Amino acid sequence: ADTARLLRTDVLPPRFAQLESALGSRKYFCGDQLTFCDLSFFVMGSGILDGTYCEGMPTVLYDSPRLCADVQRVRALTPVSEWHERRAK
């Protein structure tokens, strides 16, 4: 519980603010093309949103709308959604 609280209050919010700034108005972290950065964040972000990353974490990402949009944009890609579905089983 202490780890989740520290992540939720002290660690992730400033890091997510940095990532929001890095993403800016671009489609993906490095521009118009999907890169490992987006895939890596998708794994973490989708885990935060669905509760599999760490218990009690979903709301920490809600204050980062561009990051949430990135997770959804990456999830919408067919190969990623198929991989995510297989992983969830």
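Select Leu77 to begin: at 27% relative accessibility it counts as partly exposed, a class that lies between buried (under 20% relative accessible area) and exposed (over 50%), as found with a 1.4 Å probe on protein chains only. This is a predicted model, in which local features need pLDDT of at least 70 and side-chain atom pairs count only at pLDDT 80 or more, while totals for chains, interfaces and linings use all residues. Residues are numbered from 1 along each chain as its sequence is written, and side-chain values use heavy atoms, with hydrogens and water left out.

Stay with Leu77, which sits in the loop between helix 3 and helix 4; helices here are DSSP runs of H or I with at least four residues, numbered from the N terminus. Leaving aside residues up to four places away in sequence, Leu77 touches Tyr28 and Leu34, where contact means heavy atoms within 4.5 Å. If you then add Asp10 to the selection, you will find its C-alpha atom 32 Å from that of Leu77, the two residues being 67 apart along the chain.

Next, select Pro79, which is placed in helix 4 (residues 78–88) and is exposed, with a relative accessible area of 60%. From the C-alpha atom of Pro79 to that of Arg15 the separation is 28 Å, and their positions lie 64 residues apart in the chain numbering.

Move along helix 4 to His84, which counts as buried at 14% relative accessibility. Not counting residues up to four places away in sequence, His84 touches Phe42, Ser46, Asp50 and Arg75.

Now show helix 2 together with helix 4. Two packed helices are described by the angle between their axes and the distance between the axes. The axes of helix 2 and helix 4 come within 13 Å and cross at roughly 50 degrees, the axes being lines fitted to C-alpha atoms over the stretch in contact, with angles running from 0 to 180 degrees between N-to-C directions. That makes helix 2 oblique to helix 4, since angles under 35 degrees count as roughly parallel, over 145 as roughly antiparallel, 65 to 115 as roughly perpendicular and the rest as oblique. Helix 2 passes helix 4 in a right-handed crossing, meaning that the near helix is turned clockwise from the far one by less than a right angle, whereas anticlockwise would be left-handed. To see the contact itself, select Leu39, Phe42, Val43, Ser46 and Asp50 in helix 2, which meet Val80, Trp83, His84 and Arg87 in helix 4.

Turn then to helix 1 (residues 2–23) and helix 2 (residues 36–50), which pack at an angle of about 135 degrees with their axes 14 Å apart. Helix 1 is therefore oblique to helix 2, and it passes helix 2 in a left-handed crossing. The residues to select for this contact are Leu12, Phe16 and Leu19 of helix 1 and Phe41, Met44 and Ile48 of helix 2.

For the last stop, which side chains meet in a salt bridge? They are those of Glu20 and Arg66, at 3.3 Å from N to O, where a salt bridge is a side-chain nitrogen of Lys or Arg within 4 Å of a carboxyl oxygen of Asp or Glu. The pair links distant parts of the chain, with Glu20 in helix 1 and Arg66 in helix 3 (residues 65–75), 46 residues apart. Glu20 counts as buried at 8% relative accessibility, whereas Arg66 is partly exposed, with a relative accessible area of 39%. The structure holds one salt bridge.

Technical notes: Helix = DSSP H or I, 4+ residues; strand = E, 2+ residues; numbered from the N terminus.
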